[in-house]
Amino acid sequence: MDKNMGLQELIIQRLNLSREMTEDEIMELIDEQIQQESKKRYLEVSVRERCRKEIFHSIRQLGILQELIENPQITEIMVNGTQGIFIEQKGKINKLDICFDSAEKLKQVIWQITAKCNRVVNEASPIVDARLSDGARVNVVLDPVAINGPILTIRRFPPNPITMDELLSMGCLSRECKDQLETLVQAGCNILVCGGTGSGKTTFLNVLSNFIPESERVITIEDSAELQIRNIPNLVSLETRNANVEGCKEITIRDLLKASLRMRPDRIVVGEVRGKEAVDMLQSINVGHSAMTTVHANSVRDVVSRLETMVLMGMDMPLPAIRRQIASGFDLIIHLGRLRDGSRRVLEIAEPVGLSEGEVKMRTIYRFEQKEISDNGKICGDLKKLGEMKHVEKFKTTGL
């Protein structure tokens, strides 16, 4: 490994930093240096290939993480400083035998990631959200906030967006439910997807977005661009921006949401509501705009208190007024969950039907009922239909 580092330093010294070198040019330099090194000491073909790949990844890509990022079966990469690298594969978390040699090498990888998406992370601003070129979500927390060194978390998404047919084959929901959701999206209903971390909210929101009619003007608003909407020609994608030392002002989801209302949207898709922007989201859906978004919550009923808290962060409003806006604004709330076997399911779909004794009353349309656990540990069950939607005005106006 030390000899590889010496080779890498020699190659870096030969790089032409006055211009952007192509990958082929860098590979040619690496091959020349390895050829010279092989004249000094014997190098097996397998050692040469491994050395070639490691040096290229360290110079041009993301070092030891590159092969993990290129593996389509890995959904999450968790780097805990120099203490270890964990991956999530097929719903299970495992520790790898590899790790970064030093915190400096890990920071170089982090700076390379953040620089490509115009984000800044340092001791003054030690926490940042970013993304890779393939859309993978990145979170960074640097020391001294992170006591055990720089923490890097990468959540990967499939190169091709998951389709509704794939969700059906995985048992995430039933075909009857899928048909009803398709009609709801086409009718312009306001849909909120909720669930815990890793429950598949963004993926499900992306799948629902495929049902949006092609004729609509759609505006997406995200912290880091992750949605992969490909069937809408009139699509505007907006992304937040952090403040930096150069004087650039912070642009928040709330700022983008306000701006989007002046862009003649037919549909607004917000990646996640997690703060003061909940005020503007409720205002927009209560004055006729169609919207879809996600919120972290443990159930369709808990999401109401979550929204109340976020609205109060941005504006001092009476709770009854907030609840009335939630009940009249959202047409459907979908709750996703991650079960013990690692599978992600639609656990409940409910419709807010008004206020009862001051609380938002929910009518459950679908609910997941667990049957049994198979010999291989897989949880079996069905998404049962328990009722019909009460408010069908949007269906009538659209002729669906």
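Hi everyone, let's start with one pair of residues: Asn139 stands opposite Thr153 in strand S6. Strand S5, residues 137-141, and strand S6, residues 151-155, run antiparallel and are joined by five bridges. Two terms before we go on. Helices (H or I, at least four residues) and strands (E, at least two) are DSSP runs, numbered from the N terminus. Two strands pair if DSSP finds at least two bridges between them.

A word on where this comes from: it is a predicted model, in which local features need pLDDT of at least 70 and side-chain atom pairs count only at pLDDT 80 or more, while totals for chains, interfaces and linings use all residues. Residues are numbered from 1 along each chain as its sequence is written, and side-chain values use heavy atoms, with hydrogens and water left out.

Now the whole chain. What does its secondary structure come to? The protein chain has 13 helices and 15 strands. Its C-alpha atoms fill a box of roughly 80 × 60 × 45 Å, taken along the principal axes. Of its 400 residues, 48% count as buried. Buried means under 20% relative accessible area, exposed means over 50%, and partly exposed is in between, using a 1.4 Å probe and protein chains only. As for contacts (heavy atoms within 4.5 Å), take those between residues at least 6 apart in sequence: 51% of them join residues at least 24 apart.

Back to our opening pair, and the sheet around it. Six strands form an open sheet in the order S3-S2-S1-S6-S5-S4, with antiparallel pairing. The edge strands are S3 (92-95) and S4 (127-131), and each pairs on one side only. On average, neighbouring strands of this sheet are turned by 15° against each other, direction ignored. For such angles, axes are lines fitted to C-alpha atoms, for helices over the stretch in contact, and the angles run from 0 to 180 degrees between N-to-C directions.

Let's walk over to the S3 edge. Strand S2, residues 85-89, runs antiparallel to S3, and four bridges join them. One bridge partner pair here is Glu88 with Ile93 in S3. S2 and S3 form a hairpin with two residues between them, and Lys90 in the turn has a positive phi of about 55°. Lys92 has its place in strand S3. Is Lys92 buried or exposed? With a relative accessible area of 46%, Lys92 is partly exposed. Not counting residues up to four places away in sequence, Lys92 touches Ile87 and Arg340.

On the other side of our opening pair is the loop between S5 and S6, where Pro144 lies. The peptide bond from Asp143 to Pro144 is cis, with omega near 5°. Here is some background: most residues other than glycine have a negative phi, and most peptide bonds are trans.

On to the second sheet. It is open, has nine strands in the order S9-S8-S10-S11-S7-S12-S13-S14-S15, and its pairing is mixed. S9 (235-239) and S15 (379-385) stand at the edges with a single partner strand each, so one side of each has no neighbour in the sheet. Neighbouring strands here are turned by 20° against each other on average, direction ignored. Helix H11, residues 302-314, packs on this sheet and touches S7 (191-195), S11 (290-296), S12 (332-338) and S14. The direction of H11 makes about 100° with that of S11.

Within this sheet, S13 (residues 344-356) and S14 (residues 359-373) pair in the antiparallel sense over seven bridges. Glu351 has Arg363 in S14 as its bridge partner. In the loop between S13 and S14 we find Glu357. Glu357 has a positive phi of about 55° although it is not a glycine, and at 83% relative accessibility it counts as exposed.

One last stop: the loop between helix H9 (253-260) and strand S10 (267-270), where Leu261 is found. Which residues is Leu261 in contact with? Leaving aside neighbours within four places in sequence, Leu261 is in contact with Ile268, Ser284 and His289. Leu261 is partly exposed, at 33% relative accessible area. Arg264 is also found in the loop between H9 and S10. Arg264 has a positive phi of about 55° although it is not a glycine, and Arg264 is exposed, with a relative accessible area of 56%.

That's my tour. Thanks for listening!
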